[in-house]
Amino acid sequence: MSNTPDDQKRINAIRFLAVDAVQKANSGHPGLPLGAAAMAYTLFSRHLKFNAADPHWTDRDRFVLSAGHGSMLIYALLYLTGYPVSLDDLKNFRQLGSKTPGHPELHHTEGIEVTTGPLGQGVANAVGLAIAEAQMAGTYNREQTIVDHYTYCLAGDGDLMEGVSAEASSLAGHLALGKLIVLYDDNKISLAAPTDVTFTEDVCARYAAYGWHTQEVAADDGNDVAAIDAAINAAKADGRPSLIAIRTIIGFGSPKAGTFGAHGEPLGPDNVKKTKERLDWPTEPDFYVPDDVLAWWRELGSRGAATQTAWSATYAAWKSANADLAAQLERVLAGKLPASITWPTFNAENGSVATREAGGTVMNAIAKDLPELIGGSADLDPSTKTYLKGFGDFKPGNPSGRNIHFGVREHAMGAIANGIAAHGGYIPFTATFFNFVDYMKPAVRLAALNNTKEIFVFTHDSVFLGEDGPTHQPIEQLAMLRAMPNLTTIRPADSLETLEGWKFAIEHTGPTAIVLTRQKVPYLGDRKADVSAGGYILHDSAKTPDIVLIATGSEVSLALDAAKILEGQGTAVRVVSLPSFERFEKQPAAYRESVIPSGVRARVTIEAAATFGWHRYAGDHGITIGIDHFGTSAPAPAIAKAFHFTPEDVAETASGLLAKA
Ligand SMILES: Cc1ncc(C[n+]2csc(CCOP(=O)(O)OP(=O)(O)O)c2C)c(N)n1
């Protein structure tokens, strides 16, 4: 090993900031920073393109710490290189309101590119970041190259055990994302045991089979800076995505080295002292960084300023030669919408239209005005109707294509979309059958936590998808999405509500799920269809209603049909369409009261899904019509009959309620 004493000191500075912060918090993971500090040092000092003074510089390289439990590694690096993370922030690791939460969080700490913690997701996010880079380079580079950055990811055994990273890596290999480089912290230890009890496959062979370039840095406990440097150079020179397996020792230098005891708990004061002594570091004071070492790191952090200045000159030349393109790029990077968007219109002449069909019409109408809208489905776009016609496929040789074929990889699709959103400059969309949201849920949850603008299209939204049966028929999924903070879920009743749902999603700054029917639904009339208000009166009685029927999606027309029967019996009926609980709850109380008056206690809610959550609208005196059991394989009309989702059934239930009142 040819590390210089200076290398050692700079690496140890990372190590002991992490060790001391974990010790002070009495919580956290010292093992990864101790073992992986040398690879992080090599990456940051010899490769990573960044300017600590401008964490948002668009052409910076992206670094994802997929092993988010090792968060002190990245926090130490951010402090050392001069990002707005102070020594006090490190001393407040994991404390209430600190900039240094337990796991890295996007939008919380400058320099954090994605939220990581749920293992495997970061690898898939990195694939998304690399797709965004390739798409942006393909779309905007001209004579001048203004988009040219790498995506680096540090992943551990846990990340590579998780299926989501396998799906994403398989796709990355297929797409030949040559600027994606994963540093694998190959320490053969996870949380509860050495990996010889769980994870003995040949990881490099697996990645080679995915179409990746793979290397092993086996010598010297992962501390050989020159060897890691050479591997990164070789990775950059190869046109495929790269995996560099670097054999490391978890908890390097500590008495717990090489054991899972170094993984998830502080070393303890005695062991901290021993580790410092073994690695030749002053035992006092805590959080010590020698002045010359800090000065060196700070100089490194500011070195990127010159690189950015040179890039800015290239950018200026590009901009003057490509004014329209520049206006577009600056707009999308700012997350602003174009001055006008051509929205389609729907009316009675369209007849009955499945909302998935209407959704496809909307997407294709707006795609030209919204070059930032990119995405695709998990091998289902003939069914989800989400293909953007005429905008090409994203693939090697055609990186500006806007349709991403995710293949049958829902887990990765969600996580890749999160990476694309985190990159900036894009509104990613995904699509699959609603039931398979279960395969995407961890990523949808992270989108919600990140509060990033993404659009999740789900079709085949109820038992009324019919013959495919209960394996494909969602029941509890709406309740799950509605329970998720920050996510807006919209289940439109017809083409007009679908249009309004998309308008909301495009204008909204956070994630939106749009849940659409497989089957045709009638056009419910020209109206305002105020989806952004969450709910509105669709049909009303001349006098105070005797009963209010509240429904979403395909059950809104059912409610209208039931209302006709009830009105024939002399009942005054109001029908409320409630496409989004979340939006409705955000409206002023007076508006909500005007739509669902508390004085009308006879209320029936109708949705072909679990009734969980509906009682708040039905109230103590109302009835929730739903499906609290699994579905069945049959044609939709037969299911409607068997599950009592006919106008007659609903009218009878409503009459029964009125009779009781
Ligand atoms: C999806 C998920 N499952 C479980 C965990 C809990 N967890 C955190 S770290 C870890 C072990 C990870 O092992 P490895 O990647 O080898 O990290 P190292 O022990 O080397 O730090 C586990 C199980 C998690 N964060 N995410």
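# Sheets, ligand shell and selected residues

Colleague: Between which two helices is the loop where Pro285 is found?

Modeller: The model discussed here is a predicted one. Of the flanking helices, one spans residues 269-278 and the other residues 291-321. Pro285 is placed in the loop that runs between helix H10 and H11.

Colleague: What is the omega value of the peptide bond that joins Glu284 and Pro285?

Modeller: Pro285 belongs to the loop between H10 and H11. The bond joining Glu284 to Pro285 is a cis peptide bond, with omega at about -15°.

Colleague: With which side chain does Gln308 make its polar contact of 2.8 Å?

Modeller: Gln308 is a residue of helix H11. Its relative accessibility is 12%, under the 20% limit, so Gln308 counts as buried. The 2.8 Å polar contact joins the side chain of Gln308 to that of Asp54.

Colleague: His47 lies in a loop; is it buried or exposed?

Modeller: The loop in question connects helix H2 (31-46) and E1. There, the side chain of His47 is in polar contact with the side chain of Asp229 at 2.6 Å. The relative accessibility of His47 is 9%, which is under 20%, so this residue counts as buried.

Colleague: What is the order of the strands in the open sheet that contains E1 and E4?

Modeller: This sheet has five strands and parallel pairing. Strand E1 (62-65) and strand E4 (213-217) each have a single partner strand, so they stand at the edges, with one side left without a neighbour in the sheet. From one strand to the next, the twist averages 15°. The order is E1-E2-E3-E5-E4.

Colleague: Which residue of E2 stands opposite Phe63?

Modeller: E1 and E2 pair in the parallel sense, with four bridges between them. Opposite Phe63, the residue in E2 is Tyr152.

Colleague: How many bridges link E3 to E5?

Modeller: On one side, E3 pairs with strand E2 (residues 151-156) in the parallel sense over six bridges, and Gly156 has Asp185 as its bridge partner in E3. E3 also pairs with strand E5 (residues 242-247), where Leu243 is the bridge partner of Val182. The pairing of E3 with E5 is likewise parallel, and its number of bridges is six.

Colleague: Why is E3 described as largely enclosed by the rest of the structure, and how many of its residues are buried?

Modeller: In a regular strand, side chains alternate between the two faces of the sheet. In E3, Leu180, Val182, Tyr184 and Asp186 are buried on one side, and Ile181, Leu183 and Asp185 are buried on the other. Both faces are thus covered. The strand is largely enclosed because the buried residues among its seven (180-186) number seven.

Colleague: Which residue has a polar side-chain atom 2.7 Å from an oxygen atom of the ligand?

Modeller: The ligand is surrounded by 15 residues, and the closest are His69, Gly158, Asn187, Ile189 and His263. This shell divides into six nonpolar, seven polar and two charged residues. The residue with a polar side-chain atom at 2.7 Å from a ligand oxygen is His69.

Colleague: What percentage of the ligand's own accessible area does the protein cover?

Modeller: Backbone atoms also approach the ligand: a backbone N or O atom of Gly117 lies 2.8 Å from a ligand nitrogen, and a polar backbone atom of Asp157 is 3.2 Å from a ligand oxygen. On its own the ligand has 590 Å² of accessible area, of which the protein covers 76%.

Colleague: In the other sheet, which strands are at the edges?

Modeller: This open sheet also has five strands, in the order E7-E8-E9-E11-E10, with parallel pairing. Within it, E9 pairs with strand E11 (residues 512-515) over four bridges, and Ile455 stands opposite Thr512. Neighbouring strands are turned by 15° against each other on average, direction ignored. Those that pair on one side only are strand E7 (373-377) and strand E10 (488-490).

Colleague: What is the phi value of Ala529, which is not a glycine?

Modeller: Ala529 is found in the loop between strand E12 (520-521) and strand E13 (536-539). With a relative accessible area of 1%, it is buried. Its phi is positive, at about 45°.

Colleague: Is Asn451 buried, partly exposed or exposed?

Modeller: Asn451 sits in the loop between helix H16 (437-450) and strand E9 (455-459), and its phi is positive, near 55°. Its relative accessibility of 35% falls between 20% and 50%, so Asn451 counts as partly exposed.

How values were computed. Residues numbered from 1 in each chain as written. Predicted model: local features only at pLDDT ≥ 70, side-chain atom pairs only at ≥ 80, totals over all residues. Heavy atoms only, no water. Near = heavy atom within 4 Å. Polar contact = N/O pair within 3.5 Å; in protein donor to acceptor, adjacent residues only side chain to side chain. Areas by Shrake-Rupley, 256 points an atom, 1.4 Å probe, with all protein chains shown as cover. Nonpolar A, V, L, I, M, F, W, Y, C, P; charged D, E, K, R; others polar. Buried < 20%, exposed > 50% of the residue type's maximum accessible area, 1.4 Å probe, protein only. Pairing = 2+ DSSP bridges. Axes fitted to C-alpha atoms, helices over the stretch in contact; angles between N-to-C directions.
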